[in-house]
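Here is a friendly walk through one protein model. Keep the 3D view open while you read, and click on the residues as they come up.

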Amino acid sequence: MSAQPDALLPFADAVATFDPVLGLEVHVELGTATKMFCGCPTGFGAPPNTQTCPTCLGLPGSLPVVNRVAVESAIRIGLALHSDIAPWCRFARKNYFYPDMPKNYQVSQYDEPIAVGGWLDVDVPTPDGPRRVRVEIERAHMEEDTGKTTHQGGETGRIHGADYSLVDYNRAGIPLIEIVTKPIEGTGASAPEVARAYVAELRALVRALGVSDAHMHQGSLRCDVNVSLRRGPDQPYGTRSETKNVNSLRSTERAVRYEIQRQAAVLAGGGRVVQETRHWHEDTGLTTPGRSKEQAEDYRYFPEPDLVPLAPSDEWVAQLRRTLPEMPAARRRRLQADWAVSDFEMQSIVNAGALDPIEATVADGADPAAARKWWLGELARVANERGVEVGELPIFPADVARVVALVESGALTDTLARRVVDGVLAGEGSPDDVVAARGLKVVDDDAALLAAIDEALAANAEVAEKIRGGKVQAAGVVVGAVMKATRGQADAARVRELLLARLGVSG
Amino acid sequence: MPSITRDEVAHLARLARLDLTDEHLDRLAAELDVILTSVATVAEVATADIPPTSHPLPLTNVFREDVVHPSLAPEQALAAAPAVEDQRFRVPRILDEE
């Protein structure tokens with residue numbers, strides 16, 4: 001696309017000169033068993049075009065019927081966001097020609113969304129601990145997802161004859177809820193972090209509601225990022241760009257940062273920001289221009305004639321309200337109190353995506369501090385290496401709880417425990433399987449340890465003399481030799497104790 | 001004063017991906033104008049207390065339970081495709097769009 005890289009202003013300069021305004025549109029793919037308007041299944045990763053029917057293919061004579069659970073999910077999301085639920089609303093046709101929709105229109109909601117207004121409080125991480133920001137919600141509406149197009153042919157796009165697209169309609173018609181914020185003002189230099197924290201909080205919310213698995217890398221939660229700049233808070237909004245295809249929390253933050261820097265460079269150079277759709281590229285960390293935005297009237301929205309209006313009764317809404325679970329923010333406060341951790345530690349846990357695993361590990365009997373140590377330490381490191389979330393590692397919280405128990409009972413040292421966890425992560429079975437298969441047991445036979453100590457002393461006679469002479473700190477050399485001889489399976493503290501006793505020195 | 005201009009018809013044709021000749025545009029602009037003018041007489045009868053009718057049936061809340069029904073076999077789904085590749089619909093790429 002654009003051969004010239006965008007000019008960027010350094011971020012600090014950009015936010016010193018301009019006031020960023022954000023708008024976030026998050027699409028949540030609902031986890032219903034079937035599509036929005038037909039009984040086709042919604043599983044991710046099925047072979048292409050195996051989850052379609054005349055309705056979602058838009059074949060003549062087919063008619064849509066609304067999925068009750070999808071509407072319930074939409075209402076529950078609205079209630080959790082403190083929105084007003086519309087007592088009466090309609091679906092609308094959004095007309096456009098693009099092969100991702102076989103009908104040549106998408107069924108959506110236009111001027112009558114199911115949920116109006118509301119807010120979501122988010123905790124924005126700062127070096128001083130979390131800062132609470134209230135994000136106002138404009139609306140949440142229902143629509144259907146589109147099919148997946150894959151472009152084939154000439155990389156450069158110059159050989160038009162060789163260019164074509166392949167379309168898989170498995171995703172076409174899966175229920176989506178689009179949640180749109182009001183303009184988010186006053187965030188200044190923390191705009192990127194606010195955007196990320198908002199998407200993270202919304203993801204936690206829909207997961208708590210159980211309405212979506214909200215996996216960003218699988219596209220079941222996607223964010224469009226609107227950014228504009230103005231000279232100051234009292235100025236009118238600037239022209240915005242809308243960046244699509246933002247598929248991770250990190251990308252949300254980076255895309256906002258990038259657009260602030262890009263637009264600031266345009267404005268600082270005396271130019272004008274073009275209102276356009278841009279695409280985020282995860283690999284390069286850049287946005288590139290897409291098509292310039294069609295006007296809403298070009299979509300020729302009109303009430304969907306094939307679907308009757310929705311009129312959720314007060315009783316139904318009240319009944320759905322009673323199904324709302326504990327909200328993520330309340331849950332965090334409760335767990336923070338239970339675990340007796342600081343704001344800052346809690347922020348680390350949440351950022352690492354370790355809240356659920358730690359809670360489950362504690363529920364399986366582990367001490368909160370020990371559970372935290374594993375999930376934020378060794379396991380976070382491995383997850384980072386593998387580029388996955390910590391909760392996606394092939395180890396169950398129950399496994400971690402078992403390892404903690406083995407360490408507490410003295411059956412494993414910390415070193416051995418790490419090897420057990422390595423084994424579980426390598427697919428060798430449960431912690432007990434790994435202990436048995438790899439022979440990872442603490443050598444707790446004092447006679448065996450003393451034999452190893454004597455050998456180590458014989459091999460390090462000079463060191464032995466030093467220790468006898470009172471240089472207790474030299475004991476580490478001998479302890480290390482014993483640990484090596486026992487392949488790390490001895491308890492180092494016990495070895496030291498036995499060694500000092502052997503030499504008649506007090507620790 | 002016509003209720004629809006020739007330029008508006010040309011714009012709509014572009015949105016509908018219809019390649020119309022100048023003669024077509026002239027003729028359609030005139031015909032659509034008659035249709036719109038006729039429909040507009042309804043607006044004279046309708047007063048503020050009559051809401052626009054989008055659905056003739058007095059029904060709301062028609063739902064389907066969230067139960068899977070068998071989908072088409074992929075060969076059935078693709079039977080009417082103009083071209084097929086890798087069990088997918090093969091379509092011309094639309095340039096200048098995403």
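What follows is a tour of a predicted model, moving from its cores to a helix, a sheet, some charged pairs and the contact between two chains.

**The cores**

Let's start on the inside. In soluble globular proteins, nonpolar side chains tend to be buried together. Here, the largest nonpolar core has 71 residues, and A:Ile179 and A:Tyr198 are the ones with the most contacts inside it. Helix H3 (residues 191-209) of chain A gives this core its largest share, 10 residues. There is also a second, separate core of 35 residues, which includes A:Val382, A:Ala383, A:Val403 and A:Val404.

Try clicking on A:Ile179. Leaving out residues up to four places away in sequence, A:Ile179 touches a whole list of partners, among them A:Leu24, A:Val26, A:Ile77, A:Leu81, A:Ile137, A:Tyr198 and A:Leu202. That list also includes A:Glu25 and A:Arg139.

Now stay with helix H3 of chain A for a moment and find A:Arg203, which is part of that helix. Is A:Arg203 buried or exposed? With a relative accessible area of 13%, A:Arg203 is buried, since the cut-off for buried is under 20%. Setting aside its neighbours within four places in sequence, A:Arg203 is in contact with A:Ala214, A:Leu221, A:Leu249 and A:Glu389.

**A helix with two sides**

Next, look at helix H13 (residues 431-438) of chain A. Which residues of this helix are buried? They are A:Pro431, A:Val434 and A:Val435. Looking down the axis of H13(A), you'd see these buried residues fall within an arc of 100°, so they line one face of the helix. What do they pack against? Their partners are helix H11 (397-408) and helix H12 (414-425) of chain A. Over on the other side of H13(A), A:Ala436 and A:Ala437 are exposed. Right after the helix comes A:Gly439, with a positive phi, near 60°.

**A small sheet to trace**

Three strands of chain A make an open sheet in the order S5-S4-S16, with antiparallel pairing. The edge strands are S5 (105-108) and S16 (302-303) of chain A, each of which pairs on one side only. How many bridges join strand S4 (residues 92-95) of chain A to S5(A)? There are four, and the two strands run antiparallel. If you want a spot to zoom in on, A:Asn95 stands opposite A:Tyr105 in S5(A).

**Charged pairs**

Side chains of opposite charge can pair when their charged atoms come close. Over all chains, the count comes to 43 salt bridges. Here are a few from chain A, with the N to O distance for each.

| Residue | Partner | N to O distance |
|---|---|---|
| A:Glu326 | A:Arg334 | 2.9 Å |
| A:Glu378 | A:Arg381 | 3.0 Å |
| A:Arg468 | A:Glu465 | 3.0 Å |

How open to the outside are these residues? A:Glu326 is partly exposed at 35% relative accessible area, and A:Arg334 is partly exposed at 34%. In the next pair, A:Glu378 is buried, at 14%, while A:Arg381 is partly exposed, at 40%. A:Arg468 is partly exposed too, at 47%.

Where do the pairs sit? A:Glu378 and A:Arg381 both lie in helix H10 (residues 378-386) of chain A, three residues apart, which is about one turn of the helix. A:Arg468 and A:Glu465 are three residues apart in helix H15 (residues 461-468) of chain A, so about one helical turn separates them.

Charged residues can also be linked up in a bigger group: A:Asp6, A:Glu259, A:Arg262, A:Glu276 and A:Arg278 form a network of salt bridges.

**Where the two chains meet**

Finally, zoom out to see chain A and chain B together. The size of an interface is often given as the accessible area lost when the parts come together. Between them, chain B and chain A bury about 4200 Å², with 57% of it on carbon and sulfur atoms. The contact takes 55 residues from chain A and 37 residues from chain B. How many salt bridges are found across the interface of chain B and chain A? The rule finds one. In that kind of pairing, the side chains of B:Glu65 and A:Arg68 meet, at 2.9 Å from N to O.

Terms used: Residues are numbered from 1 along each chain as its sequence is written. Chains are lettered from A and ligands numbered from 1 in the order in which they are written. This is a predicted model: local features need pLDDT of at least 70, side-chain atom pairs count only at pLDDT 80 or more; totals for chains, interfaces and linings use all residues. Side-chain values use heavy atoms; hydrogens and water are left out. Two strands pair if DSSP finds at least two bridges between them. Buried means under 20% relative accessible area, exposed over 50%, partly exposed in between (1.4 Å probe, protein chains only). The arc is that of the directions from the helix axis to the C-beta atoms. Contact means heavy atoms within 4.5 Å. A nonpolar core is a set of buried Ala, Val, Leu, Ile, Met, Phe, Trp, Tyr and Cys residues joined through side-chain atoms within 4.5 Å. A salt bridge is a side-chain nitrogen of Lys or Arg within 4 Å of a carboxyl oxygen of Asp or Glu. Buried area is the accessible area (1.4 Å probe) that two parts lose on being put together, summed over both.
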